[in-house]
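Reader: I'd like to learn how to read a model like this one feature at a time. Can you walk me through it?

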Amino acid sequence: MFLDKAPIKVFEDVKVVPFEGWHLEWLAPNQDAMRSMMNLPTNAIDHGKVLATYGRAWTGLRKGRVVGSAGIIPLQPGVYDLWMYLGSDTFDKKKLAMKIFKYYLFKSIKELKIHRLQAVVKEDYCQGIRFAEFFGFENEGVMKCYGPNKENFIRYAKT
């Protein structure tokens, strides 16, 4: 099976576990993420089940609370889509969040021989834009009317 069923890994006070669909129900998203999550094509649990089915995905837990989930979905050999749902307190410990993301990002790129990892970030989601650019993702342009309410998103890719 493709899913990473590695044992739980602990980074300081954050326990990282394999993602399960119900984790999205337990996530208290930040306000920018909430605007996107309100427009999911299905309810959070069903959407989470789909994300848990394809690729690799993880959830960070702090004090029993979901602080964020992320994963990658294969599109074709060497090409993957990155998704993330961040909680309202994900960046309370910004350096720790970056350390965890970096660990799983580079682990996945190496193990899966990824030559292109792409993501979309809502055009006005400044934290998401800074996050993508910090990790070397390049802005490939605005995707006009990409969101369900015709919001603009930016396509980012790491090659």
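Author: Sure, let's start with a strand pair. Val120 stands opposite Arg155 in β8. Keep in mind that this is a predicted model.

Reader: In which sense do β6 and β8 pair, and over how many bridges?

Author: They pair in the antiparallel sense, over six bridges. β8 has another partner to look at: strand β7 (residues 138-143) also runs antiparallel to β8, joined to it by five bridges. In that pairing, Val142 has Ile154 as its bridge partner.

Reader: How many residues of strand β8 are buried?

Author: Buried here means under 20% relative accessible area. Six of the six residues of β8 (residues 153-158) are buried, so the strand is largely enclosed by the rest of the structure. Check the two faces separately: Phe153, Arg155 and Ala157 are buried on one side, and Ile154, Tyr156 and Lys158 are buried on the other.

Reader: Now the overall layout. How many helices and strands are there?

Author: Five helices and eight strands. Reading from the N terminus, the order is β-β-α-α-α-β-β-β-α-β-α-β-β. The protein has 159 residues, and 50% of them count as buried.

Reader: Where do I look for the core?

Author: Look for buried nonpolar side chains that touch one another. The largest nonpolar core has 21 residues, and Leu117 and Phe137 are the ones with the most contacts inside it. At least two residues of this core come from each of β5 (79-86), α4, β6, α5 and β8. The largest share, five residues, is supplied by α4.

Reader: Let's take α4, then. How does its span compare with what its 19 residues should give?

Author: You work from a rise of 1.5 Å a residue, so helix α4 (residues 94-112) should span 27 Å; its end C-alpha atoms are 27 Å apart, which agrees. As for burial, the buried residues of α4 include Leu96, Met98, Phe101, Tyr104, Leu105 and Leu112.

Reader: And what happens to the backbone just after α4?

Author: Lys113 takes a positive phi of about 55 degrees there, although Lys113 is not a glycine. Lys113 sits in the loop between α4 and β6, and at 68% relative accessibility it counts as exposed. Try Lys63 next: this residue also is not a glycine, yet has a positive phi of about 55 degrees. You'll find Lys63 in the loop between β3 (56-62) and β4 (65-76), exposed with a relative accessible area of 79%.

Reader: What's the idea behind reading salt bridges?

Author: Side chains of opposite charge can pair when their charged atoms come close. This structure holds seven salt bridges. One of them joins Arg62 to Asp13, with the closest N and O atoms 3.5 Å apart. Arg62 is in strand β3 and Asp13 is in the loop between β1 (9-11) and β2, so this pair ties together parts that are 49 residues apart in sequence. Arg62 is buried, at a relative accessible area of 11%, whereas Asp13 is partly exposed at 31%. Lys93 belongs here too: Asp13, Arg62 and Lys93 are linked in a network of salt bridges.

Reader: Which residue forms a salt bridge with Glu111?

Author: Arg56, with the closest N and O atoms 2.7 Å apart. Glu111 lies in helix α4 and Arg56 in strand β3, so the pair ties together parts 55 residues apart in sequence. Glu111 is partly exposed, with a relative accessible area of 41%, while Arg56 counts as buried at 8%.

Reader: Which side chain does Arg116 meet in a salt bridge?

Author: That of Glu140, at 2.7 Å from N to O. Since Arg116 lies in strand β6 and Glu140 in strand β7, this pair ties together parts 24 residues apart in sequence. Glu140 is partly exposed, with a relative accessible area of 45%.

Reader: Let's finish on the surface. Which residues make the nonpolar patch?

Author: Trp22, Trp26 and Ile45 make a nonpolar surface patch of about 310 Å². Trp22 lies in the loop between β2 (14-18) and α1 (23-26), and is partly exposed with a relative accessible area of 35%.

Note on methods: Residues numbered from 1 in each chain as written. Predicted model: local features only at pLDDT ≥ 70, side-chain atom pairs only at ≥ 80, totals over all residues. Heavy atoms only, no water. Helix = DSSP H or I, 4+ residues; strand = E, 2+ residues; numbered from the N terminus. Expected span 1.5 Å × (residues − 1). Buried < 20%, exposed > 50% of the residue type's maximum accessible area, 1.4 Å probe, protein only. Patch = residues over 30% accessible without salt bridge, like charges linked within 9 Å, V, L, I, M, F, W, Y side chains within 5 Å. Areas by Shrake-Rupley, 256 points an atom, 1.4 Å probe, with all protein chains shown as cover. Salt bridge = Lys/Arg side-chain N within 4 Å of Asp/Glu carboxyl O. Pairing = 2+ DSSP bridges. Core = buried A, V, L, I, M, F, W, Y, C linked by side-chain atoms within 4.5 Å.
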